[in-house]
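Student: I have just opened this one and would like to be walked through it. Could you help me find my way around?

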Amino acid sequence: MKRMSPCLDRSFSVLLSAFLLLIGCEALSSLGGSDRIDNLFLLSSPAALNLDGRPGSDGFTIQLYAYQEEISKGLPITSGELEIALYDGRVTDSADAKLRNSWKFAPDRLEPQQVQTSFGTGYFFVLRWEHDDSPDGDVTVVVRYTDESGSAISSAPITLAVEVKRSHGAEG
């Protein structure tokens with residue numbers, strides 16, 4: 001095998017090193033070097049849950065992952081604000097829906113909910129509504145992330161079946 005001249009060999013090494021350094025810098029910046037979030041992926045059970053042991057549903061759980069387009073794992077939310085909105089009924093467009101409740105989280109309030117899974121960094125929430133304010137039917141959950149510039153993105157809506165609470169004498 002023919003060997004390159006020492007001058008070409010050194011030039012090739014410098015060029016290769018510079019190329020590898022650029023690739024490394026790009027890879028590092030795509031590992032969450034930016035606070036940008038392009039997509040929210042929301043998981044939940046198909047129904048609201050009974051969290052207090054009394055008859056009927058009174059809350060729900062969700063798991064949320066925030067993604068950048070070029071990264072296939074969930075990233076930590078380090079800026080902006082996250083809002084979890086609960087709407088009455090089956091909702092496809094939250095602009096026309098009746099808001100039942102909402103929970104807002106700054107990044108420092110998200111840390112206790114943070115989980116590491118095979119999907120990457122995510123957030124697990126257990127949220128309840130007031131016992132006396134139970135929905136009369138299904139509810140829809142939408143998560144909205146607003147970055148520091150005021151730009152917002154939303155998750156796809158998830159509708160949860162709700163077991164309506166009944167008083168003990170209301171059977172019939």
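Student: Which residues touch the most other members in the largest nonpolar core?

Tutor: They are F60, L82, I84 and F125, out of the 26 residues in that core. A nonpolar core here is a set of buried Ala, Val, Leu, Ile, Met, Phe, Trp, Tyr and Cys residues joined through side-chain atoms within 4.5 Å, where buried means under 20% relative accessible area, exposed over 50% and partly exposed in between, with a 1.4 Å probe and protein chains only. The elements that give two or more residues to this core are β1, β2, β3 (81-88), β4, β6, β7 (139-146) and β9 (158-160).

Student: And what sort of model is this?

Tutor: This is a predicted model, in which local features need pLDDT of at least 70 and side-chain atom pairs count only at pLDDT 80 or more, while totals for chains, interfaces and linings use all residues. Residues are numbered from 1 along each chain as its sequence is written, and side-chain values use heavy atoms, with hydrogens and water left out.

Student: How many helices and strands does the protein have?

Tutor: The secondary structure comes to two helices and nine strands, taken as DSSP runs numbered from the N terminus (helices are H or I with at least four residues, strands are E with at least two). From the N terminus on, the order of elements is α-β-β-β-β-α-β-β-β-β-β.

Student: Back to the core, then: what is I84 in contact with?

Tutor: Leaving aside neighbours within four places in sequence, the contacts of I84 (heavy atoms within 4.5 Å) include F60, I62, W103, F125, L127 and V142. I84 also stands opposite V143 in β7.

Student: Why is β3 described as largely enclosed?

Tutor: Six of the eight residues of β3 are buried, so the strand is largely enclosed by the rest of the structure. β3 pairs with β7 in the antiparallel sense over eight bridges, and with β4, also antiparallel, over six bridges; strands count as paired if DSSP finds at least two bridges between them. Across the pairing with β4, L82 stands opposite F105.

Student: New topic: how many aromatic pairs are there?

Tutor: The structure holds five aromatic pairs, meaning rings of Phe, Tyr and Trp (its six-membered ring) with centres within 6.5 Å, where planes under 30 degrees apart count as stacked, over 60 as edge-to-face and the rest as tilted. One of them is F60 with W103, which is edge-to-face, at 5.7 Å centre to centre and 70° between the planes. F60 lies in strand β2 and W103 in strand β4 (residues 99-105), so this pair ties together parts that are 43 residues apart in sequence. Both F60 and W103 are buried, and together with W129 they form one aromatic cluster.

Student: Where is D58, and is that residue buried or exposed?

Tutor: D58 is found in the loop between β1 (39-44) and β2 (59-67), and D58 counts as buried because its relative accessibility is 0%. The side chain of D58 makes a polar contact with the side chain of R128 at 3.1 Å; such a contact is a pair of N or O atoms within 3.5 Å, and within protein one must be able to donate a hydrogen and the other to accept it, while residues adjacent in sequence count only if both atoms are side-chain atoms. A polar atom of the D58 side chain also lies 2.6 Å from the backbone nitrogen of L51.
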